[in-house]
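Me: Hello! Could you walk me through how some parts of this structure pack together?

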Amino acid sequence: MASETHKTLAEVQNFEGKYPKQIWRLFFSEMWERFCFYGMRGMLVFFMITQLNFGEKEANLQYGATQAFVYAFTFIGGLFADKVLGFRKSLVFGGLLMIVGSVLLSIDNHEFFFFGLAFIIIGTGFFKPNISTMVGELYKDGDIRRDAGFSLFYAGINLGAFLGGYICVAIGKGYMLSSVIDEAYRWNVAFGLAAVGMLISLINFQFTKHELGPIGLQPGHPDAIIKTKPLPTWVEYAVYIGTLLLIPLIQIMVSKTEYTDYFMYTIGPLTLIYLFYEMSKVGKVERNKLIAALIFILFSIVFWGIYEQSGGSLSIFAAKNLNDTILGGTFTLDPNGVNNSGGAFFIIALAPLFGLLWIWLAKRKLEPNTIIKFGLGFLFLGLGFYVLYATRFFAVDGMTSLDVFTLALLVITVGELCLSPIGLSIMTKLSPAKLQGIMMGMWFLASAYGQYVAGLIGANMAEAREGDSLMDKLITYTEGYKQLGLYSLIAGAILIILSPYIKRLMHGVN
């Protein structure tokens with residue numbers, strides 16, 4: 001049996017061509033993990049409203065709370081990976097928890113709804129930041145192919161999101177396989193598919209480890225990249241046991257959204273205090289880079305707060321205000337499935353092209369820097385929400401065009417491609433090696449705050465619409481989307497104006 005570390009880090013990073021071969025295996029593991037996660041995410045709001053009898057406001061708040069906890073726990077997962085488990089063990093532990101959560105939901109999605117979600121939340125926290133960090137370590141510092149690699153990896157994320165986001169909710173609603181799955185078991189099968197996807201992800205990763213050299217090994221391992229003293233074995237087991245003991249507490253916190261407020265008011269300041277403590281121990285240049293990373297993180301909260309209407313208010317909008325035909329009536333599709341997977345479909349198509357575009361521009365010294373890419377992300381996001389606003393002009397009796405809605409998803413996706421995969425990349429570029437997992441966790445913690453804000457925005461829209469006609473609801477929603485589009489354009493303009501200052505903080509990192 002081949003050793004897990006038969007390659008040195010230099011041998012892994014000295015690859016020829018556009019992409020390291022290991023990225024394809026990590027791509028596949030991430031794809032199936034995202035199938036599991038986005039399958040759950042896509043079902044959440046619709047399932048709560050139709051199966052658990054939640055009101056629209058309550059469902060939006062619950063969605064925001066659940067997603068906020070998911071991304072908040074990525075910080076904790078990144079911290080334990082850096083300090084105790086290493087990226088590999090953290091990933092496997094998180095994947096196993098996600099499988100357990102999905103199985104619980106497939107057995108009884110009413111009785112075990114919040115219990116299963118608690119497993120998935122914590123599992124995602126251990127899995128998500130660590131595989132992204134391992135992708136970053138496939139590249140040497142300064143390798144211009146890094147952004148292209150993250151764009152390709154992002155395509156893997158979204159292939160899983162596309163498949164899980166459409167298939168799971170379409171099976172639950174009866175748009176797929178309704179002739180072979182009894183109506184009483186459709187949602188059980190949908191949640192069960194998420195568990196199968198996660199199992200495939202873990203099996204693939206087991207066959208990937210020997211190709212990674214020292215990347216992702218546990219702190220204290222003799223071949224680990226960062227040399228530290230080995231930790232006592234009991235510390236690792238304490239992390240596993242302590243995590244399992246926390247699950248009932250997470251279940252309570254997720255089920256009662258008022259606890260989300262307390263959590264979000266606490267976790268952000270605490271993580272900033274911890275980060276400032278770590279920053280006090282590094283040099284001036286590294287500290288400036290971390291400040292630049294924090295600026296990106298703060299702007300990303302605004303981005304995700306607007307973007308993540310897709311899982312909340314847009315889920316209700318799709319169910320109630322969209323017709324189910326596309327391309328002029330050529331195809332009949334579940335509008336919720338399109339909402340959940342349309343953006344992912346466009347990313348699959350466009351991400352490799354964006355990756356090649358960045359390489360082509362870099363070779364000609366024309367590639368926009370990361371700050372400008374972020375700014376462009378906001379501008380396209382804003383334009384996409386203006387297209388959502390325009391759906392009101394195609395409405396008949398409160399039902400509007402799935403074609404125009406899909407066009408909005410395309411424009412929003414261009415914005416996402418300018419920001420999100422580049423965000424993953426810049427966190428690895430600006431972070432010292434010993435803080436890679438923590439900073440990746442901070443990036444996802446910003447997503448948690450974005451999700452939290454998204455839930456509040458969606459709840460506000462729902463609260464204003466109780467008892468209105470379909471047309472009144474459509475007008476209220478689209479008016480809200482126009483306002484979000486304006487906020488996004490303003491944020492993009494501010495970021496571009498600040499770009500010279502941020503660039504100085506980055507000390508040559510592009």
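Me: At what angle do the axes of helix H9 and helix H12 cross?
Reply: Happy to help! This is a predicted model, where local features need pLDDT of at least 70, side-chain atom pairs count only at pLDDT 80 or more, and totals for chains, interfaces and linings use all residues. Residues are numbered from 1 along each chain as its sequence is written, and side-chain values use heavy atoms, leaving out hydrogens and water. H9 spans residues 284-307 and H12 residues 370-390 (helices are DSSP runs of H or I, at least four residues, numbered from the N terminus). Their axes, lines fitted to C-alpha atoms over the stretch in contact, with angles from 0 to 180 degrees between N-to-C directions, come within 11 Å and cross at roughly 15°.

Me: How are H9 and H12 oriented to each other?
Reply: Angles under 35 degrees count as roughly parallel. H9 and H12 are therefore roughly parallel.

Me: Which residues of H12 make the contact with H9?
Reply: Contact means heavy atoms within 4.5 Å. From H9 come Phe296, Phe299, Val302, Phe303, Ile306 and Tyr307. Their partners in H12 are Thr370, Ile371, Phe374, Gly377, Phe378, Leu381 and Phe385.

Me: Which helix gives the most to the largest nonpolar core?
Reply: A nonpolar core is a set of buried (under 20% relative accessible area, 1.4 Å probe, protein chains only) Ala, Val, Leu, Ile, Met, Phe, Trp, Tyr and Cys residues joined through side-chain atoms within 4.5 Å. The largest has 161 residues, and Phe296 is among those touching the most other members. With 20 residues, the helix that gives the most is H3 (residues 56-107).

Note on methods: Helix = DSSP H or I, 4+ residues; strand = E, 2+ residues; numbered from the N terminus. Parallel < 35°, antiparallel > 145°, perpendicular 65-115°, else oblique. Buried < 20%, exposed > 50% of the residue type's maximum accessible area, 1.4 Å probe, protein only.
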